[in-house]
Amino acid sequence: MDIRQIQDHWHNKANDYVAKPDKEYRWVWDYARFRFEFTFNNGRRVEEKALALLKFIIAVAAGSWTVFEFLAAHNSSPSGSEQWFFVEAIIFLFVAAVYALKAYQPLQHSVPLTEEVALQAVDDRPNEQAALAGFSLALAAATEWESELNTKRGGYIQIGVVSAVIAGLLFILALSWGVFQKKSPPSPVQAGQSVQVSQGAAKG
């Protein structure tokens, strides 16, 4: 459900609810505030994780750029396999950045109702307890929307983290592959060819 549907659902519940006389509803209002603050604190933690993921992605990208500059300075061009690893790593890093940005949206929140609505709730209810009961249900609209948003953002962060880890592993594989290729001894065929070239050069 989108935010409008959630608001309409809970506002209708608040309007239709009839408080029972001689019942204490203040603790329900305190609990509604607790749920609201708890959910919004979770939302802030999700945004902090998304920001940390963005910082990790930037660090990986900066480290990769440093490696590229080092290879270019030493006239070491990557092989076909290295290039494939690098390209795949960049793709996964881009995917991670997209989902981290989708998760980090500090302005996308549902705020509680205004004071004017609260005053109207008091005017329309027979007593304070009835107003607290109805307005507790109205506050649930913002809480439920924030909870649904947190769930969605949590999924985005999971995708982003997995993509970032895969990108990091691909970068490591590319570098390891390049080091292995440069340190591995030439094959017998290549060694024989180089010996023949050296003998031909000596005869000439």
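Which residues does Gln-129 touch, leaving aside those up to four places away in sequence? The answer is a short run of neighbours: Lys-23, Glu-24, Tyr-25 and Arg-26. Gln-129 itself sits in helix 5, which covers residues 128-183. Its relative accessible area is 18%, so it counts as buried, the cut-off being under 20%. Keep in mind throughout that this is a predicted model.

**The cores**

Let's look inside next. As a general point, nonpolar side chains in soluble globular proteins tend to be buried together. Here, the largest nonpolar core has 16 residues. Leu-53, Ile-57, Leu-93, Ala-100, Ala-164 and Phe-171 are the ones with the most contacts inside it. Helix 2, helix 3 (80-103) and helix 5 each give two or more residues to this core, and helix 3 gives the most, with 7 residues.

Leu-53 is a good place to zoom in. Not counting residues up to four places away in sequence, Leu-53 touches Ala-96, Ala-100, Ile-157, Gly-160, Val-161 and Ala-164. Another core lies apart from the largest one; it has 11 residues, including Trp-29, Ala-121, Leu-132 and Leu-139.

**Aromatic pairs**

There are 8 aromatic pairs in the structure. Two of them are set out here.

| Pair | Centre to centre | Angle between planes | Type |
|---|---|---|---|
| Tyr-17 and Tyr-25 | 6.4 Å | 85 degrees | edge-to-face |
| Trp-29 and Phe-135 | 5.8 Å | 50 degrees | tilted |

Take the tyrosines: Tyr-17 is partly exposed, at 29% relative accessible area, while Tyr-25 is buried, at 9% relative accessibility. Tyr-25 is also one of the residues that Gln-129 touches.

The Trp-29 and Phe-135 pair links distant parts of the chain, with Trp-29 in helix 2, Phe-135 in helix 5 and their positions 106 residues apart. Both of these residues are buried, and Trp-29 is among the members of the 11-residue core.

**Out on the surface**

Not everything nonpolar is tucked away. Trp-27, Tyr-31, Phe-34 and Phe-38 make up a nonpolar patch on the surface, and together they have about 500 Å² of accessible area. Tyr-31, Phe-34 and Phe-38 also form one aromatic cluster.

Is Trp-27 buried or exposed? Trp-27 counts as exposed because its relative accessibility is 56%, and the cut-off is over 50%. Trp-27 belongs to helix 2, which covers residues 26-73.

Notes. Residues are numbered from 1 along each chain as its sequence is written. This is a predicted model: local features need pLDDT of at least 70, side-chain atom pairs count only at pLDDT 80 or more; totals for chains, interfaces and linings use all residues. Side-chain values use heavy atoms; hydrogens and water are left out. Helices (H or I, at least four residues) and strands (E, at least two) are DSSP runs, numbered from the N terminus. Buried means under 20% relative accessible area, exposed over 50%, partly exposed in between (1.4 Å probe, protein chains only). Contact means heavy atoms within 4.5 Å. Patches are made of residues with over 30% relative accessible area and no salt bridge: like charges are joined within 9 Å, nonpolar side chains (Val, Leu, Ile, Met, Phe, Trp, Tyr) within 5 Å. Accessible areas come from the Shrake-Rupley method with a 1.4 Å probe; for residues, only the protein chains shown count as cover. A salt bridge is a side-chain nitrogen of Lys or Arg within 4 Å of a carboxyl oxygen of Asp or Glu. A nonpolar core is a set of buried Ala, Val, Leu, Ile, Met, Phe, Trp, Tyr and Cys residues joined through side-chain atoms within 4.5 Å. Rings of Phe, Tyr and Trp (its six-membered ring) pair if their centres lie within 6.5 Å; planes under 30 degrees apart count as stacked, over 60 as edge-to-face and the rest as tilted.
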